[in-house]
Amino acid sequence: MKLKKLPLVLMATGLLFASCQKEDATPETQELLNNEAPASQQVSKEIIEKVANLNLNSDYVEPFELVLPGGKKEASFLIENDIAISEEQLNKLSSADITSKQYRTYNLVNSPRTINIIGFTGTGYGQNLSSKMREALQRAVANYNALDMGLTFTLTFGTDYDAYDIVVYKNSNGQAGGVAGFPSGGNPYKWVQIFSGMENYSTATNEHVMTHEIGHTLGLRHTDWFSRQSCGQSGESADPDGAVHIPGTPTGYDPDSVMLACFGANESGNFGYYDIIALEYLY
(Lines give C-alpha, C1' and ligand atoms only; values in the text may rest on other atoms or scores of the structure.)
Protein backbone atom coordinates (compact mmCIF):
# COMPACT_ATOMS: atom_id res chain seq x y z
CA MET A 1 0.00 0.00 0.00
CA LYS A 2 1.21 3.61 -0.49
CA LEU A 3 0.47 7.20 0.85
CA LYS A 4 2.96 9.44 -1.02
CA LYS A 5 6.33 8.37 0.19
CA LEU A 6 6.70 7.22 3.76
CA PRO A 7 4.64 5.81 6.60
CA LEU A 8 4.51 8.18 9.53
CA VAL A 9 3.21 7.73 13.06
CA LEU A 10 4.26 9.49 16.25
CA MET A 11 4.30 7.32 19.35
CA ALA A 12 5.56 7.82 22.89
CA THR A 13 8.54 5.57 22.14
CA GLY A 14 9.61 7.59 19.11
CA LEU A 15 8.99 7.81 15.41
CA LEU A 16 8.00 4.43 13.97
CA PHE A 17 6.72 3.17 10.65
CA ALA A 18 2.93 3.04 10.57
CA SER A 19 1.13 -0.07 9.44
CA CYS A 20 0.57 -0.08 5.72
CA GLN A 21 0.82 3.66 5.22
CA LYS A 22 2.99 6.30 3.67
CA GLU A 23 2.50 10.04 3.69
CA ASP A 24 4.19 13.19 2.45
CA ALA A 25 7.30 13.73 4.56
CA THR A 26 9.25 16.90 5.16
CA PRO A 27 13.03 16.66 4.54
CA GLU A 28 13.56 16.69 8.31
CA THR A 29 11.12 13.83 8.85
CA GLN A 30 12.60 11.94 5.91
CA GLU A 31 16.03 12.16 7.55
CA LEU A 32 14.66 10.89 10.87
CA LEU A 33 13.06 7.92 9.16
CA ASN A 34 16.15 7.12 7.13
CA ASN A 35 18.36 7.20 10.24
CA GLU A 36 16.02 5.29 12.53
CA ALA A 37 17.22 1.95 13.86
CA PRO A 38 15.15 -1.03 12.70
CA ALA A 39 12.31 -1.99 15.03
CA SER A 40 13.71 -5.52 15.01
CA GLN A 41 16.42 -4.38 17.44
CA GLN A 42 13.71 -4.50 20.14
CA VAL A 43 13.13 -8.25 19.58
CA SER A 44 15.27 -11.23 20.62
CA LYS A 45 17.73 -12.72 18.16
CA GLU A 46 15.87 -16.04 18.37
CA ILE A 47 12.61 -14.45 17.18
CA ILE A 48 14.41 -12.58 14.40
CA GLU A 49 15.94 -15.85 13.20
CA LYS A 50 12.55 -17.57 13.19
CA VAL A 51 11.06 -14.74 11.13
CA ALA A 52 14.00 -14.82 8.70
CA ASN A 53 13.72 -18.61 8.34
CA LEU A 54 10.13 -18.11 7.19
CA ASN A 55 11.39 -15.71 4.51
CA LEU A 56 9.56 -12.81 6.09
CA ASN A 57 11.24 -9.43 6.20
CA SER A 58 13.09 -9.64 9.51
CA ASP A 59 14.07 -5.96 9.38
CA TYR A 60 10.53 -5.07 10.49
CA VAL A 61 9.65 -7.04 13.62
CA GLU A 62 8.43 -5.50 16.88
CA PRO A 63 6.49 -6.56 19.99
CA PHE A 64 2.78 -5.98 19.49
CA GLU A 65 -0.24 -6.15 21.77
CA LEU A 66 -3.25 -7.32 19.79
CA VAL A 67 -6.43 -5.84 21.28
CA LEU A 68 -9.47 -7.98 20.44
CA PRO A 69 -13.11 -6.85 20.39
CA GLY A 70 -14.16 -6.41 24.00
CA GLY A 71 -10.71 -5.32 25.12
CA LYS A 72 -8.95 -8.68 25.60
CA LYS A 73 -5.25 -8.42 24.79
CA GLU A 74 -2.90 -10.96 23.25
CA ALA A 75 0.87 -10.69 22.99
CA SER A 76 2.24 -11.11 19.49
CA PHE A 77 4.76 -9.70 17.06
CA LEU A 78 4.10 -7.20 14.30
CA ILE A 79 5.98 -8.14 11.13
CA GLU A 80 6.39 -5.89 8.09
CA ASN A 81 4.22 -3.31 9.94
CA ASP A 82 0.81 -4.95 9.49
CA ILE A 83 1.12 -8.73 9.96
CA ALA A 84 0.41 -10.03 13.47
CA ILE A 85 1.93 -13.39 14.42
CA SER A 86 2.02 -14.91 17.90
CA GLU A 87 5.11 -16.68 19.20
CA GLU A 88 3.10 -19.92 19.21
CA GLN A 89 2.36 -19.52 15.51
CA LEU A 90 6.01 -18.74 14.77
CA ASN A 91 7.02 -21.94 16.60
CA LYS A 92 4.54 -24.03 14.61
CA LEU A 93 5.48 -22.65 11.20
CA SER A 94 8.54 -23.65 9.23
CA SER A 95 9.92 -22.91 5.79
CA ALA A 96 8.27 -26.15 4.66
CA ASP A 97 4.91 -24.42 5.17
CA ILE A 98 5.66 -22.03 2.31
CA THR A 99 3.48 -23.17 -0.54
CA SER A 100 4.78 -23.37 -4.07
CA LYS A 101 1.51 -21.78 -5.17
CA GLN A 102 2.24 -18.31 -3.81
CA TYR A 103 4.94 -15.71 -3.68
CA ARG A 104 6.01 -15.85 -0.07
CA THR A 105 2.96 -16.95 1.81
CA TYR A 106 2.26 -19.41 4.57
CA ASN A 107 -0.55 -21.91 4.81
CA LEU A 108 -3.60 -21.36 2.68
CA VAL A 109 -7.29 -21.53 3.54
CA ASN A 110 -9.01 -24.81 2.75
CA SER A 111 -11.24 -24.52 -0.30
CA PRO A 112 -13.84 -24.72 -1.64
CA ARG A 113 -15.66 -23.19 1.30
CA THR A 114 -17.64 -20.17 2.48
CA ILE A 115 -15.83 -17.51 4.52
CA ASN A 116 -18.20 -15.74 6.91
CA ILE A 117 -17.17 -12.17 7.80
CA ILE A 118 -18.66 -9.89 10.44
CA GLY A 119 -18.12 -6.16 10.74
CA PHE A 120 -18.09 -5.34 14.44
CA THR A 121 -20.60 -2.74 15.64
CA GLY A 122 -20.16 -2.96 19.43
CA THR A 123 -19.66 0.48 20.96
CA GLY A 124 -17.29 -0.50 23.78
CA TYR A 125 -13.60 0.45 23.49
CA GLY A 126 -14.34 2.49 20.34
CA GLN A 127 -14.11 -0.64 18.20
CA ASN A 128 -17.28 -0.21 16.15
CA LEU A 129 -16.83 0.37 12.42
CA SER A 130 -17.98 3.79 11.21
CA SER A 131 -20.55 4.07 8.43
CA LYS A 132 -17.73 4.80 5.96
CA MET A 133 -15.84 1.72 7.12
CA ARG A 134 -18.95 -0.45 6.84
CA GLU A 135 -19.49 0.66 3.26
CA ALA A 136 -15.81 0.06 2.49
CA LEU A 137 -16.03 -3.44 3.97
CA GLN A 138 -19.04 -4.21 1.79
CA ARG A 139 -17.03 -3.15 -1.25
CA ALA A 140 -14.01 -5.19 -0.17
CA VAL A 141 -16.09 -8.34 0.24
CA ALA A 142 -17.63 -7.69 -3.18
CA ASN A 143 -14.09 -7.54 -4.61
CA TYR A 144 -13.46 -11.08 -3.46
CA ASN A 145 -16.86 -12.43 -4.48
CA ALA A 146 -16.28 -11.10 -8.01
CA LEU A 147 -13.30 -13.45 -8.45
CA ASP A 148 -13.46 -16.90 -10.02
CA MET A 149 -12.22 -19.00 -7.12
CA GLY A 150 -13.39 -21.64 -4.68
CA LEU A 151 -14.05 -19.22 -1.83
CA THR A 152 -17.39 -17.48 -1.30
CA PHE A 153 -17.71 -14.66 1.20
CA THR A 154 -20.69 -13.59 3.29
CA LEU A 155 -20.90 -10.37 5.30
CA THR A 156 -23.02 -9.27 8.21
CA PHE A 157 -22.72 -6.58 10.88
CA GLY A 158 -23.18 -7.10 14.59
CA THR A 159 -21.50 -7.98 17.88
CA ASP A 160 -21.85 -11.76 18.23
CA TYR A 161 -18.67 -12.67 16.37
CA ASP A 162 -17.61 -16.02 17.85
CA ALA A 163 -18.99 -18.15 15.02
CA TYR A 164 -17.50 -16.01 12.24
CA ASP A 165 -14.31 -16.73 10.34
CA ILE A 166 -13.12 -13.11 10.07
CA VAL A 167 -13.96 -10.22 12.41
CA VAL A 168 -13.31 -6.69 11.11
CA TYR A 169 -13.22 -4.00 13.78
CA LYS A 170 -11.78 -0.56 14.50
CA ASN A 171 -8.70 0.23 16.55
CA SER A 172 -9.07 3.77 17.92
CA ASN A 173 -5.36 4.59 17.83
CA GLY A 174 -5.66 7.54 15.45
CA GLN A 175 -3.29 5.97 12.93
CA ALA A 176 -3.95 5.01 9.31
CA GLY A 177 -3.76 1.46 8.03
CA GLY A 178 -4.61 -1.85 9.64
CA VAL A 179 -3.34 -5.17 10.96
CA ALA A 180 -4.22 -8.77 10.16
CA GLY A 181 -2.40 -12.13 10.10
CA PHE A 182 -1.91 -15.31 8.10
CA PRO A 183 -4.07 -18.47 8.01
CA SER A 184 -3.52 -21.50 10.20
CA GLY A 185 -5.11 -24.93 10.25
CA GLY A 186 -6.80 -24.28 6.91
CA ASN A 187 -8.74 -21.33 8.35
CA PRO A 188 -8.30 -17.61 7.68
CA TYR A 189 -6.81 -15.39 10.34
CA LYS A 190 -9.74 -14.22 12.44
CA TRP A 191 -8.93 -10.63 13.45
CA VAL A 192 -8.71 -7.63 11.10
CA GLN A 193 -8.08 -4.27 12.76
CA ILE A 194 -8.77 -1.08 10.82
CA PHE A 195 -7.17 1.97 12.38
CA SER A 196 -9.42 4.89 13.25
CA GLY A 197 -7.31 7.35 11.25
CA MET A 198 -8.76 5.78 8.10
CA GLU A 199 -11.81 7.96 8.74
CA ASN A 200 -9.73 10.79 7.25
CA TYR A 201 -9.49 8.99 3.91
CA SER A 202 -12.00 8.23 1.19
CA THR A 203 -14.29 5.22 1.17
CA ALA A 204 -12.26 3.82 -1.74
CA THR A 205 -9.00 4.06 0.22
CA ASN A 206 -10.70 2.36 3.19
CA GLU A 207 -11.85 -0.33 0.77
CA HIS A 208 -8.24 -0.73 -0.39
CA VAL A 209 -6.96 -1.21 3.16
CA MET A 210 -9.69 -3.74 3.98
CA THR A 211 -9.13 -5.68 0.77
CA HIS A 212 -5.41 -5.74 1.59
CA GLU A 213 -5.87 -6.94 5.17
CA ILE A 214 -8.37 -9.63 4.17
CA GLY A 215 -5.76 -10.72 1.63
CA HIS A 216 -3.35 -11.39 4.50
CA THR A 217 -5.97 -13.53 6.27
CA LEU A 218 -6.11 -15.71 3.14
CA GLY A 219 -2.33 -16.11 2.93
CA LEU A 220 -1.29 -13.26 0.67
CA ARG A 221 1.78 -11.33 1.65
CA HIS A 222 3.21 -8.01 0.53
CA THR A 223 4.12 -8.15 -3.13
CA ASP A 224 7.10 -5.88 -2.45
CA TRP A 225 8.19 -7.66 0.75
CA PHE A 226 11.73 -7.89 -0.62
CA SER A 227 12.23 -4.14 -1.07
CA ARG A 228 9.25 -2.23 0.38
CA GLN A 229 9.55 0.05 -2.62
CA SER A 230 5.98 1.27 -2.14
CA CYS A 231 7.12 2.77 1.18
CA GLY A 232 9.89 4.75 -0.46
CA GLN A 233 12.52 2.21 0.56
CA SER A 234 14.87 0.21 -1.64
CA GLY A 235 17.25 -2.70 -1.56
CA GLU A 236 16.67 -6.36 -0.78
CA SER A 237 16.13 -6.43 2.98
CA ALA A 238 15.01 -10.04 3.40
CA ASP A 239 16.67 -13.35 2.53
CA PRO A 240 14.93 -14.65 -0.61
CA ASP A 241 16.02 -18.29 -0.21
CA GLY A 242 13.03 -20.55 -0.53
CA ALA A 243 10.75 -17.77 -1.73
CA VAL A 244 8.62 -18.75 -4.69
CA HIS A 245 6.16 -16.78 -6.74
CA ILE A 246 2.86 -17.36 -8.49
CA PRO A 247 3.19 -18.35 -12.15
CA GLY A 248 2.02 -15.59 -14.46
CA THR A 249 2.76 -12.76 -12.01
CA PRO A 250 5.76 -10.38 -11.94
CA THR A 251 8.83 -11.34 -9.93
CA GLY A 252 9.67 -7.66 -9.43
CA TYR A 253 7.75 -4.59 -8.35
CA ASP A 254 4.06 -4.43 -9.31
CA PRO A 255 2.86 -0.83 -8.76
CA ASP A 256 -0.80 -1.78 -9.20
CA SER A 257 -0.98 -4.50 -6.55
CA VAL A 258 -3.42 -4.07 -3.66
CA MET A 259 -0.90 -6.04 -1.57
CA LEU A 260 1.90 -3.48 -1.67
CA ALA A 261 3.32 -2.76 1.79
CA CYS A 262 2.26 0.91 1.75
CA PHE A 263 -0.75 2.67 0.30
CA GLY A 264 -1.63 6.07 -1.14
CA ALA A 265 -4.26 8.62 -0.14
CA ASN A 266 -6.25 8.18 -3.37
CA GLU A 267 -6.56 4.45 -3.94
CA SER A 268 -9.26 2.95 -6.16
CA GLY A 269 -9.91 0.08 -3.76
CA ASN A 270 -9.73 -2.45 -6.60
CA PHE A 271 -7.47 -5.42 -7.23
CA GLY A 272 -4.60 -5.04 -9.64
CA TYR A 273 -4.51 -7.32 -12.68
CA TYR A 274 -1.93 -9.66 -11.16
CA ASP A 275 -3.71 -9.76 -7.78
CA ILE A 276 -6.61 -11.41 -9.58
CA ILE A 277 -4.32 -13.88 -11.33
CA ALA A 278 -2.69 -14.72 -7.99
CA LEU A 279 -5.91 -15.32 -6.07
CA GLU A 280 -7.56 -17.32 -8.83
CA TYR A 281 -4.42 -19.47 -9.10
CA LEU A 282 -4.33 -20.08 -5.36
CA TYR A 283 -8.03 -20.80 -4.90
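In the predicted model, Y144 and F271 are both buried. Their ring centres lie 5.0 Å apart and the ring planes meet at 90°, so the two form an edge-to-face pair. Y144 belongs to helix α4 (residues 131-145), whereas F271 is found in the loop between α5 (203-217) and α6 (273-282); the pair therefore ties together parts that are 127 residues apart in sequence.

Over the whole structure, a search returns seven aromatic pairs. A pair of this kind is described by two quantities, the distance of the ring centres and the angle of the planes. For F120 and Y161, the centres are 5.9 Å apart and the planes stand at 75°; the arrangement is edge-to-face because planes over 60 degrees apart are classed in this way. F120 is part of strand β6 (residues 113-120), and Y161 is located in the loop between β7 (151-158) and β8 (166-171). With their positions 41 residues apart in the sequence, the two rings link distant parts of the chain. F120 and Y161 are both buried. These two residues also belong to one aromatic cluster, together with Y169 and W191.

Charged side chains are placed over two aromatic rings. K190 lies over the face of W191, a member of the cluster just described, at 5.7 Å from the ring centre. R228 lies over the face of Y60, and here the distance to the ring centre is 4.5 Å.

Strands β3, β4 and β5 make up an open sheet of three strands, in that order and with antiparallel pairing. The edges of the sheet are formed by β3 and β5 (83-85), each of which pairs on one side only. From one strand to the next, the twist averages 45°. In general, the strands of a sheet pair through backbone hydrogen bonds, in a parallel or an antiparallel manner. Strand β3 (residues 61-67) is joined to strand β4 (residues 73-79) by seven bridges, and the two run antiparallel. One of the pairings places V67 with K73 of β4 as its bridge partner. The two strands form a hairpin in which five residues lie between β3 and β4. Within this turn, G70 has a positive phi of about 95°. On the other side of the sheet order, β4 is joined to β5 by three bridges, again in an antiparallel arrangement. In this pairing, L78 stands opposite A84 of β5.

The loop between α5 and α6, which holds F271, also contains W225 and S257. W225 has a relative accessibility of 1% and is therefore counted as buried, the limit for this class being under 20%. The C-alpha atom of W225 is separated by 7.8 Å from that of E80, although the two residues are 145 residues apart along the chain. S257, at 3% relative accessibility, likewise counts as buried. When neighbours within four places in sequence are left aside, S257 is in contact with T223 and D275. With D275, the side chain of S257 makes a polar contact of 2.8 Å.

Methods. Residues numbered from 1 in each chain as written. Predicted model: local features only at pLDDT ≥ 70, side-chain atom pairs only at ≥ 80, totals over all residues. Heavy atoms only, no water. Pairing = 2+ DSSP bridges. Helix = DSSP H or I, 4+ residues; strand = E, 2+ residues; numbered from the N terminus. Phe/Tyr/Trp six-rings, centres within 6.5 Å; stacked < 30°, edge-to-face > 60°. Buried < 20%, exposed > 50% of the residue type's maximum accessible area, 1.4 Å probe, protein only. Lys NZ or Arg CZ within 6 Å of the ring centre and 35° of its normal. Axes fitted to C-alpha atoms, helices over the stretch in contact; angles between N-to-C directions. Polar contact = N/O pair within 3.5 Å; in protein donor to acceptor, adjacent residues only side chain to side chain. Contact = heavy atoms within 4.5 Å.
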